[in-house]
Amino acid sequence: MNYFNEYLNAAKELIKINSVESNAVDGKPFGVGVDDCLRKALAIAESLGFKTFYGNGYYGYAEIGEGEEMLGILGHLDTVPIGNDWDIPALGGDIIDGYLCGRGVLDDKGPILATLFATKQLIDSGFVPNKRIRIIFGCDEESGWQCIDKYCELEEIPTIAFTPDGDFPVINCEKGVAYFTVHIKKPKYVVSVCGGERANMVMDKIKCVVCDEMAEKLPANNNFGVTVDGNTLTASGKSAHGSSPHLGDNALWKVVKFLSDYDQTAKNFANIICNTDGSNYNIKCSDEISGNLTINIGTISSDSENITFSLDIRHPLCITREQLYEKLCKTFDNGTVEYGFFHNPLYIAPDHPLCTKLLKAYGDVTGENLKPITIGGGTYARALPVAVAFGPIFPNQESTIHQKNEKAKLSDLENMYKIYVKAIEELCK
(Lines give C-alpha, C1' and ligand atoms only; values in the text may rest on other atoms or scores of the structure.)
Protein backbone atom coordinates (compact mmCIF):
# COMPACT_ATOMS: atom_id res chain seq x y z
CA MET A 1 0.00 0.00 0.00
CA ASN A 2 1.58 3.27 -1.13
CA TYR A 3 -0.18 6.57 -1.73
CA PHE A 4 2.77 8.48 -3.19
CA ASN A 5 1.22 8.84 -6.66
CA GLU A 6 -2.06 9.99 -5.15
CA TYR A 7 -0.07 12.51 -3.15
CA LEU A 8 1.64 13.85 -6.29
CA ASN A 9 -1.68 14.36 -8.03
CA ALA A 10 -3.06 16.26 -5.05
CA ALA A 11 0.09 18.39 -4.80
CA LYS A 12 -0.32 19.42 -8.43
CA GLU A 13 -3.81 20.70 -7.62
CA LEU A 14 -2.56 22.89 -4.77
CA ILE A 15 0.37 24.26 -6.75
CA LYS A 16 -2.01 25.48 -9.45
CA ILE A 17 -3.68 27.82 -6.96
CA ASN A 18 -2.01 31.22 -6.61
CA SER A 19 -1.80 31.56 -2.83
CA VAL A 20 0.32 34.67 -2.50
CA GLU A 21 -1.27 36.80 0.22
CA SER A 22 -3.51 39.58 -1.11
CA ASN A 23 -6.00 42.06 0.32
CA ALA A 24 -8.65 40.73 2.68
CA VAL A 25 -12.08 40.35 1.11
CA ASP A 26 -15.42 38.86 2.18
CA GLY A 27 -14.11 37.30 5.38
CA LYS A 28 -10.99 35.93 3.72
CA PRO A 29 -8.21 37.61 5.75
CA PHE A 30 -5.36 36.78 3.38
CA GLY A 31 -7.21 37.11 0.09
CA VAL A 32 -9.16 34.88 -2.24
CA GLY A 33 -6.26 32.74 -3.49
CA VAL A 34 -5.04 31.73 -0.04
CA ASP A 35 -8.57 30.92 1.05
CA ASP A 36 -9.17 28.83 -2.06
CA CYS A 37 -6.00 26.86 -1.33
CA LEU A 38 -7.01 26.25 2.29
CA ARG A 39 -10.47 25.03 1.29
CA LYS A 40 -8.95 22.75 -1.34
CA ALA A 41 -6.50 21.24 1.16
CA LEU A 42 -9.33 20.61 3.63
CA ALA A 43 -11.45 19.03 0.90
CA ILE A 44 -8.58 16.66 0.04
CA ALA A 45 -8.19 15.77 3.73
CA GLU A 46 -11.91 15.15 4.14
CA SER A 47 -11.90 12.85 1.10
CA LEU A 48 -9.18 10.81 2.86
CA GLY A 49 -11.31 10.34 5.97
CA PHE A 50 -9.93 13.08 8.21
CA LYS A 51 -12.12 15.28 10.38
CA THR A 52 -11.56 18.85 9.22
CA PHE A 53 -11.99 22.33 10.63
CA TYR A 54 -11.98 25.68 8.83
CA GLY A 55 -10.69 28.46 11.08
CA ASN A 56 -12.33 31.50 9.48
CA GLY A 57 -9.70 31.71 6.77
CA TYR A 58 -6.80 32.06 9.20
CA TYR A 59 -6.01 28.36 9.45
CA GLY A 60 -7.54 24.93 9.14
CA TYR A 61 -6.72 21.45 10.32
CA ALA A 62 -7.31 17.78 9.55
CA GLU A 63 -7.37 15.31 12.43
CA ILE A 64 -7.47 11.54 12.77
CA GLY A 65 -7.05 9.06 15.64
CA GLU A 66 -7.89 9.09 19.33
CA GLY A 67 -6.20 9.86 22.64
CA GLU A 68 -5.53 12.71 25.03
CA GLU A 69 -2.13 13.50 23.53
CA MET A 70 -1.69 15.04 20.11
CA LEU A 71 1.01 15.00 17.46
CA GLY A 72 0.83 18.25 15.57
CA ILE A 73 2.19 18.63 12.05
CA LEU A 74 2.23 22.27 11.10
CA GLY A 75 2.75 23.70 7.60
CA HIS A 76 1.58 26.57 5.43
CA LEU A 77 -0.27 27.03 2.17
CA ASP A 78 0.64 30.65 1.39
CA THR A 79 3.72 31.32 -0.74
CA VAL A 80 6.12 34.16 -1.39
CA PRO A 81 5.41 36.21 -4.52
CA ILE A 82 5.99 34.33 -7.75
CA GLY A 83 8.61 36.80 -9.02
CA ASN A 84 9.92 37.22 -12.54
CA ASP A 85 11.56 35.40 -15.43
CA TRP A 86 10.49 31.81 -14.74
CA ASP A 87 11.55 29.29 -17.36
CA ILE A 88 8.74 26.90 -16.38
CA PRO A 89 5.07 27.51 -15.53
CA ALA A 90 5.08 28.97 -12.01
CA LEU A 91 1.55 27.72 -11.29
CA GLY A 92 1.59 24.70 -13.56
CA GLY A 93 2.21 21.85 -11.14
CA ASP A 94 3.95 20.16 -14.08
CA ILE A 95 6.38 17.27 -14.01
CA ILE A 96 9.32 18.28 -16.19
CA ASP A 97 12.47 16.17 -16.62
CA GLY A 98 11.83 14.27 -13.40
CA TYR A 99 10.93 17.33 -11.30
CA LEU A 100 7.64 18.54 -9.87
CA CYS A 101 7.60 22.25 -10.65
CA GLY A 102 5.84 25.35 -9.36
CA ARG A 103 5.68 27.87 -6.57
CA GLY A 104 5.09 26.07 -3.28
CA VAL A 105 6.31 22.63 -4.32
CA LEU A 106 8.94 22.81 -1.54
CA ASP A 107 7.69 25.75 0.52
CA ASP A 108 5.37 24.44 1.79
CA LYS A 109 2.40 22.95 -0.09
CA GLY A 110 4.26 19.84 -1.23
CA PRO A 111 5.69 18.82 2.17
CA ILE A 112 2.62 19.51 4.34
CA LEU A 113 0.42 17.61 1.90
CA ALA A 114 2.88 14.69 1.99
CA THR A 115 2.34 14.33 5.74
CA LEU A 116 -1.41 14.09 5.13
CA PHE A 117 -1.06 11.21 2.69
CA ALA A 118 1.68 9.60 4.81
CA THR A 119 -0.72 9.55 7.76
CA LYS A 120 -3.50 8.10 5.60
CA GLN A 121 -1.13 5.36 4.36
CA LEU A 122 -0.22 4.39 7.92
CA ILE A 123 -3.82 4.25 9.08
CA ASP A 124 -4.93 2.18 6.08
CA SER A 125 -2.08 -0.27 6.65
CA GLY A 126 -3.57 -1.10 10.05
CA PHE A 127 -1.38 1.14 12.22
CA VAL A 128 -3.18 2.44 15.32
CA PRO A 129 -1.58 5.67 16.59
CA ASN A 130 -1.32 6.16 20.36
CA LYS A 131 -2.30 9.81 20.03
CA ARG A 132 -4.37 12.00 17.76
CA ILE A 133 -2.62 13.30 14.66
CA ARG A 134 -3.55 16.84 13.67
CA ILE A 135 -2.22 18.37 10.46
CA ILE A 136 -2.49 22.14 10.72
CA PHE A 137 -2.64 24.34 7.63
CA GLY A 138 -1.46 27.91 8.18
CA CYS A 139 -2.18 30.70 5.70
CA ASP A 140 0.14 33.57 6.65
CA GLU A 141 3.57 32.10 7.33
CA GLU A 142 5.38 34.20 4.73
CA SER A 143 3.90 37.53 5.82
CA GLY A 144 3.38 37.72 9.54
CA TRP A 145 2.15 34.52 11.27
CA GLN A 146 -1.29 35.88 12.13
CA CYS A 147 -2.59 32.40 11.28
CA ILE A 148 -0.61 30.47 13.87
CA ASP A 149 -1.08 33.27 16.43
CA LYS A 150 -4.82 32.85 15.94
CA TYR A 151 -4.52 29.06 16.15
CA CYS A 152 -2.57 29.23 19.42
CA GLU A 153 -5.13 31.65 20.83
CA LEU A 154 -8.16 29.50 20.02
CA GLU A 155 -7.09 25.86 19.65
CA GLU A 156 -5.52 22.96 21.50
CA ILE A 157 -1.73 23.01 21.53
CA PRO A 158 -0.06 19.76 20.39
CA THR A 159 1.89 17.70 22.89
CA ILE A 160 4.74 17.42 20.39
CA ALA A 161 5.00 18.72 16.86
CA PHE A 162 7.11 19.10 13.77
CA THR A 163 6.90 21.29 10.71
CA PRO A 164 7.94 19.96 7.28
CA ASP A 165 9.27 23.39 6.37
CA GLY A 166 13.01 23.29 6.90
CA ASP A 167 15.85 20.83 6.48
CA PHE A 168 16.68 17.22 7.16
CA PRO A 169 17.86 15.47 9.26
CA VAL A 170 16.18 17.59 11.99
CA ILE A 171 16.49 21.22 13.03
CA ASN A 172 16.73 21.56 16.81
CA CYS A 173 17.93 25.17 16.86
CA GLU A 174 16.66 28.18 14.94
CA LYS A 175 18.24 31.60 15.14
CA GLY A 176 16.17 34.55 16.21
CA VAL A 177 14.43 36.49 13.45
CA ALA A 178 14.37 40.28 13.72
CA TYR A 179 13.15 42.69 11.04
CA PHE A 180 13.99 46.37 11.16
CA THR A 181 12.98 49.29 8.94
CA VAL A 182 15.55 52.05 8.47
CA HIS A 183 14.90 55.57 7.18
CA ILE A 184 17.81 57.73 6.00
CA LYS A 185 17.87 61.10 4.27
CA LYS A 186 17.70 60.79 0.51
CA PRO A 187 20.83 62.06 -1.29
CA LYS A 188 20.18 65.10 -3.50
CA TYR A 189 21.13 63.27 -6.67
CA VAL A 190 18.55 60.49 -6.15
CA VAL A 191 15.13 61.22 -7.62
CA SER A 192 13.64 57.84 -6.67
CA VAL A 193 14.63 54.28 -5.90
CA CYS A 194 12.58 51.10 -5.69
CA GLY A 195 13.57 47.45 -5.39
CA GLY A 196 12.81 44.12 -3.78
CA GLU A 197 9.59 42.40 -2.80
CA ARG A 198 9.98 41.33 0.83
CA ALA A 199 12.48 41.60 3.64
CA ASN A 200 13.04 37.83 3.63
CA MET A 201 13.96 37.67 -0.05
CA VAL A 202 17.29 38.79 -1.51
CA MET A 203 16.57 41.75 -3.79
CA ASP A 204 16.71 40.60 -7.42
CA LYS A 205 15.50 43.79 -9.16
CA ILE A 206 16.14 47.48 -8.57
CA LYS A 207 15.39 50.75 -10.36
CA CYS A 208 17.05 54.03 -9.41
CA VAL A 209 16.39 57.39 -11.09
CA VAL A 210 19.09 60.04 -10.63
CA CYS A 211 19.22 63.76 -11.40
CA ASP A 212 20.63 65.13 -14.66
CA GLU A 213 23.90 66.23 -13.07
CA MET A 214 24.64 62.71 -11.80
CA ALA A 215 23.41 61.05 -15.01
CA GLU A 216 25.95 63.02 -17.05
CA LYS A 217 28.78 61.50 -15.01
CA LEU A 218 27.75 57.87 -15.39
CA PRO A 219 29.19 55.69 -18.17
CA ALA A 220 26.84 53.40 -20.08
CA ASN A 221 29.37 50.57 -19.85
CA ASN A 222 30.44 49.32 -16.43
CA ASN A 223 31.55 46.18 -14.65
CA PHE A 224 28.82 46.20 -12.01
CA GLY A 225 25.95 44.79 -14.05
CA VAL A 226 24.08 48.10 -14.00
CA THR A 227 22.15 49.25 -17.06
CA VAL A 228 22.18 53.04 -17.63
CA ASP A 229 19.37 54.46 -19.75
CA GLY A 230 19.37 58.24 -19.50
CA ASN A 231 18.62 59.04 -15.86
CA THR A 232 17.47 55.51 -15.00
CA LEU A 233 19.68 52.82 -13.53
CA THR A 234 18.48 49.23 -13.34
CA ALA A 235 20.12 46.05 -12.14
CA SER A 236 19.17 42.41 -11.74
CA GLY A 237 20.46 39.92 -9.22
CA LYS A 238 19.47 36.51 -7.91
CA SER A 239 16.82 36.01 -5.25
CA ALA A 240 17.37 33.69 -2.29
CA HIS A 241 15.84 33.12 1.11
CA GLY A 242 16.56 35.92 3.57
CA SER A 243 18.07 33.43 6.01
CA SER A 244 20.77 32.56 3.45
CA PRO A 245 21.55 35.89 1.79
CA HIS A 246 25.02 34.71 0.75
CA LEU A 247 23.33 32.34 -1.71
CA GLY A 248 21.75 35.27 -3.58
CA ASP A 249 23.06 38.19 -5.58
CA ASN A 250 21.65 41.45 -4.24
CA ALA A 251 20.81 43.89 -7.04
CA LEU A 252 21.06 46.87 -4.67
CA TRP A 253 24.72 46.15 -4.02
CA LYS A 254 25.45 46.53 -7.73
CA VAL A 255 23.89 49.97 -7.93
CA VAL A 256 25.49 51.43 -4.79
CA LYS A 257 28.91 50.03 -5.71
CA PHE A 258 28.55 51.57 -9.17
CA LEU A 259 27.57 54.95 -7.73
CA SER A 260 30.35 54.80 -5.13
CA ASP A 261 32.90 56.01 -7.67
CA TYR A 262 30.89 59.21 -8.16
CA ASP A 263 29.46 60.05 -4.74
CA GLN A 264 30.79 59.77 -1.19
CA THR A 265 27.31 59.19 0.29
CA ALA A 266 26.83 56.15 -1.95
CA LYS A 267 30.30 54.92 -1.01
CA ASN A 268 29.53 55.22 2.69
CA PHE A 269 26.23 53.37 2.22
CA ALA A 270 27.91 50.63 0.21
CA ASN A 271 30.55 50.20 2.91
CA ILE A 272 27.79 49.43 5.41
CA ILE A 273 25.33 47.27 3.48
CA CYS A 274 27.46 45.16 1.15
CA ASN A 275 27.95 42.22 3.49
CA THR A 276 25.79 39.42 4.85
CA ASP A 277 27.47 38.78 8.22
CA GLY A 278 26.65 42.14 9.81
CA SER A 279 30.29 43.16 10.07
CA ASN A 280 29.87 46.68 8.70
CA TYR A 281 26.56 47.17 10.49
CA ASN A 282 28.55 46.54 13.73
CA ILE A 283 26.38 43.57 14.69
CA LYS A 284 28.56 40.63 13.65
CA CYS A 285 28.46 37.83 16.26
CA SER A 286 28.22 34.06 16.71
CA ASP A 287 28.01 31.32 19.33
CA GLU A 288 28.81 27.63 19.47
CA ILE A 289 25.20 26.38 19.46
CA SER A 290 23.51 28.62 16.90
CA GLY A 291 26.34 29.83 14.68
CA ASN A 292 26.77 33.15 12.88
CA LEU A 293 24.48 36.13 12.46
CA THR A 294 23.25 36.88 8.92
CA ILE A 295 21.62 40.00 7.50
CA ASN A 296 19.65 40.69 4.33
CA ILE A 297 18.58 44.05 2.94
CA GLY A 298 15.43 42.98 1.15
CA THR A 299 13.48 46.06 -0.01
CA ILE A 300 14.19 49.71 -0.70
CA SER A 301 11.95 52.66 -1.59
CA SER A 302 11.90 56.44 -1.43
CA ASP A 303 9.67 59.46 -0.98
CA SER A 304 10.41 63.16 -1.37
CA GLU A 305 12.78 63.23 1.61
CA ASN A 306 13.85 59.76 2.70
CA ILE A 307 15.07 56.39 1.56
CA THR A 308 13.52 53.46 3.43
CA PHE A 309 14.90 49.93 3.47
CA SER A 310 14.11 46.71 5.32
CA LEU A 311 16.56 44.45 7.13
CA ASP A 312 16.03 40.76 7.89
CA ILE A 313 18.45 39.64 10.60
CA ARG A 314 18.86 36.03 11.73
CA HIS A 315 20.69 36.22 15.06
CA PRO A 316 22.31 33.60 17.33
CA LEU A 317 21.33 32.98 20.94
CA CYS A 318 24.08 35.27 22.22
CA ILE A 319 22.42 38.56 21.18
CA THR A 320 18.94 39.95 21.68
CA ARG A 321 16.62 41.93 19.43
CA GLU A 322 17.00 44.92 21.75
CA GLN A 323 20.79 44.80 21.53
CA LEU A 324 20.58 44.67 17.73
CA TYR A 325 18.33 47.72 17.75
CA GLU A 326 20.78 49.72 19.87
CA LYS A 327 23.69 48.85 17.59
CA LEU A 328 21.75 49.68 14.41
CA CYS A 329 20.73 53.04 15.84
CA LYS A 330 24.42 53.86 16.27
CA THR A 331 25.27 52.64 12.76
CA PHE A 332 22.50 54.77 11.21
CA ASP A 333 22.83 57.66 13.63
CA ASN A 334 21.72 60.17 10.99
CA GLY A 335 18.49 58.24 10.37
CA THR A 336 15.85 56.34 12.30
CA VAL A 337 15.44 52.62 13.00
CA GLU A 338 12.08 50.96 13.67
CA TYR A 339 11.28 47.57 15.14
CA GLY A 340 9.42 45.12 12.90
CA PHE A 341 8.38 41.47 12.79
CA PHE A 342 10.35 39.17 15.11
CA HIS A 343 10.60 35.69 16.57
CA ASN A 344 12.80 34.63 19.44
CA PRO A 345 15.27 31.76 18.91
CA LEU A 346 14.26 28.11 19.30
CA TYR A 347 16.30 25.37 20.95
CA ILE A 348 15.33 21.74 21.69
CA ALA A 349 18.05 19.53 23.21
CA PRO A 350 19.48 16.94 20.78
CA ASP A 351 18.64 14.09 23.17
CA HIS A 352 14.97 15.05 23.47
CA PRO A 353 12.73 12.15 22.32
CA LEU A 354 11.26 14.34 19.56
CA CYS A 355 14.72 14.76 18.06
CA THR A 356 15.91 11.20 18.57
CA LYS A 357 12.79 9.62 17.05
CA LEU A 358 12.84 11.88 14.01
CA LEU A 359 16.54 11.19 13.51
CA LYS A 360 15.81 7.47 13.69
CA ALA A 361 13.11 7.80 11.03
CA TYR A 362 15.46 9.73 8.79
CA GLY A 363 18.24 7.20 9.30
CA ASP A 364 16.00 4.19 8.73
CA VAL A 365 15.08 5.49 5.26
CA THR A 366 18.38 7.03 4.16
CA GLY A 367 20.91 4.86 6.00
CA GLU A 368 22.59 8.03 7.27
CA ASN A 369 23.50 8.65 10.90
CA LEU A 370 23.41 12.43 11.28
CA LYS A 371 23.10 14.97 14.09
CA PRO A 372 20.59 17.80 14.50
CA ILE A 373 21.42 21.11 12.85
CA THR A 374 20.92 24.85 13.31
CA ILE A 375 19.38 27.13 10.68
CA GLY A 376 18.78 30.83 10.20
CA GLY A 377 15.31 30.26 8.80
CA GLY A 378 12.35 30.91 11.01
CA THR A 379 9.87 28.03 10.92
CA TYR A 380 6.50 27.47 12.53
CA ALA A 381 8.22 25.18 15.04
CA ARG A 382 9.08 28.14 17.24
CA ALA A 383 5.37 28.95 17.63
CA LEU A 384 4.77 25.80 19.72
CA PRO A 385 6.30 24.70 23.04
CA VAL A 386 7.83 21.39 21.87
CA ALA A 387 8.43 21.42 18.13
CA VAL A 388 11.19 21.18 15.54
CA ALA A 389 11.51 21.55 11.78
CA PHE A 390 11.97 18.32 9.83
CA GLY A 391 12.63 18.42 6.07
CA PRO A 392 11.95 18.70 3.20
CA ILE A 393 15.44 19.80 2.05
CA PHE A 394 18.08 17.08 2.18
CA PRO A 395 21.72 17.73 3.18
CA ASN A 396 23.74 19.20 0.27
CA GLN A 397 20.59 19.44 -1.86
CA GLU A 398 20.32 22.62 -3.90
CA SER A 399 17.21 24.46 -2.78
CA THR A 400 15.00 26.60 -5.01
CA ILE A 401 12.86 27.86 -2.12
CA HIS A 402 11.97 31.56 -2.60
CA GLN A 403 13.61 31.51 -6.03
CA LYS A 404 12.29 31.43 -9.56
CA ASN A 405 11.84 27.93 -11.05
CA GLU A 406 11.01 26.36 -7.69
CA LYS A 407 11.06 22.59 -8.20
CA ALA A 408 11.71 19.27 -6.49
CA LYS A 409 13.17 16.06 -7.88
CA LEU A 410 10.61 13.27 -7.82
CA SER A 411 13.09 10.87 -6.22
CA ASP A 412 13.69 13.38 -3.40
CA LEU A 413 9.96 13.82 -2.90
CA GLU A 414 9.54 10.05 -2.69
CA ASN A 415 12.27 9.76 -0.07
CA MET A 416 10.74 12.67 1.82
CA TYR A 417 7.38 10.91 1.73
CA LYS A 418 8.86 7.65 3.06
CA ILE A 419 10.59 9.54 5.87
CA TYR A 420 7.34 11.20 6.93
CA VAL A 421 5.57 7.84 6.99
CA LYS A 422 8.28 6.44 9.25
CA ALA A 423 8.45 9.59 11.42
CA ILE A 424 4.72 9.65 12.15
CA GLU A 425 4.88 5.96 13.03
CA GLU A 426 7.83 6.52 15.40
CA LEU A 427 6.15 9.44 17.16
CA CYS A 428 2.79 7.66 17.54
CA LYS A 429 3.65 4.09 18.51
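Histidine 76 and aromatic pairs in a predicted model

The side chains of histidine 76 and aspartate 165 make a polar contact of 3.1 Å in this predicted model.

Q: What makes the approach of histidine 76 to aspartate 165 a polar contact?
A: The 3.1 Å between the two side chains is set against a cut-off of 3.5 Å for N or O atoms. A polar contact also joins the side chains of histidine 76 and aspartate 107, at 3.0 Å.

Q: Why is histidine 76 called buried?
A: Histidine 76, in strand S3 (residues 70-76), has 0% relative accessibility. Buried means under 20%, so the word applies. Beyond four places in sequence, the contacts of histidine 76 include Gly138, Glu141, Glu142 and Tyr380.

Q: How many aromatic pairs are there?
A: The count is 28 aromatic pairs. One of them is formed by phenylalanine 168 and tyrosine 362.

Q: Why is the pair of phenylalanine 168 and tyrosine 362 called tilted?
A: The centres are 5.5 Å apart, and pairing needs them within 6.5 Å. The planes are 35 degrees apart; stacked would need under 30 and edge-to-face over 60, so the pair counts as tilted.

Q: Where in the chain do phenylalanine 168 and tyrosine 362 lie?
A: Phenylalanine 168 is in the loop between strands S8 (166-167) and S9 (171-174), and tyrosine 362 is in helix H9 (residues 353-366), 194 residues apart.

Q: Are phenylalanine 168 and tyrosine 362 buried or exposed?
A: Phenylalanine 168 has a relative accessible area of 2% and tyrosine 362 one of 1%. Buried means under 20%, so both residues are buried.

Conventions. Residues numbered from 1 in each chain as written. Predicted model: local features only at pLDDT ≥ 70, side-chain atom pairs only at ≥ 80, totals over all residues. Heavy atoms only, no water. Helix = DSSP H or I, 4+ residues; strand = E, 2+ residues; numbered from the N terminus. Buried < 20%, exposed > 50% of the residue type's maximum accessible area, 1.4 Å probe, protein only. Polar contact = N/O pair within 3.5 Å; in protein donor to acceptor, adjacent residues only side chain to side chain. Contact = heavy atoms within 4.5 Å. Phe/Tyr/Trp six-rings, centres within 6.5 Å; stacked < 30°, edge-to-face > 60°.
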